[in-house]
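Let's walk through how the strands of this fold are put together, one question at a time.

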Amino acid sequence: MLSGCSVSSLAARFAFFPPDPPTYALRKDEATGRLVASGVPRDNALDVLLLDTTRGTKVVAFYLRNPCARLTLLYSHGNAADLAQLYDLFVQLKVNLKVNLMGYDYSGYGASTGKVISSYSLQ
């Protein structure tokens, strides 16, 4: 019989498909000291964030500001994509819905660290 951990790992391998290789990388802009993502157009309304998790990993988030916004939309993307692939969609949503938008990558997607982990355990 398979242990819960190995069944969970096996399920995660079939369920999660992060782009490999990731479609962007992070670097610090020498002039501004801000994080930027390669493969994403320079945008003064975009903040690239590196957030700490309780598991000790880092999760990348894009925060797009809209000066007309009264609300912020939190966007949790689907499988097999990362933030750079969704950037154009984020810009369109920001403009058309008149919102600020925050999207994030899951652990193991894009430049986020850590492994892709399923949240359940079978025994």
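Q: Which residue is the bridge partner of A61 in β6?
A: Keep in mind that this is a predicted model. A61 belongs with strand β4, residues 58-64, which pairs with β6, residues 100-104, in the antiparallel sense over four bridges. Look along β6 for the residue bridged to A61, and you land on Y104.

Q: What is the handedness of the β-α-β crossover from β5 to β6?
A: Start with the two strands: β5 (residues 72-76) and β6 run parallel and are joined by five bridges. Between them the chain passes through helix α2, residues 83-97. That β5-α2-β6 crossover is right-handed.

Q: Which residue in β6 does Y75 stand opposite?
A: We're still on the parallel β5-β6 pair here. One step along, S76 has Y104 as its bridge partner in β6. For Y75, the residue opposite is G103.

Q: Which strands stand at the edges of the sheet?
A: Four strands make an open sheet with mixed pairing, and their order is β3-β4-β6-β5. An edge strand here has a single partner, so one of its sides is left without a neighbour in the sheet. That picks out β3 (46-52) and β5.

Q: What angle does the direction of α2 make with that of β4?
A: The sheet itself twists, by an average of 20° from one strand to the next. Helix α2 packs on it, touching β3, β4, β5 and β6. Set against the direction of β4, the direction of α2 makes an angle of about 35°.

Definitions and conventions
Residues numbered from 1 in each chain as written. Predicted model: local features only at pLDDT ≥ 70, side-chain atom pairs only at ≥ 80, totals over all residues. Heavy atoms only, no water. Pairing = 2+ DSSP bridges. Right-handed = clockwise from strand over helix to strand, strands pointing away. Axes fitted to C-alpha atoms, helices over the stretch in contact; angles between N-to-C directions. Contact = heavy atoms within 4.5 Å.
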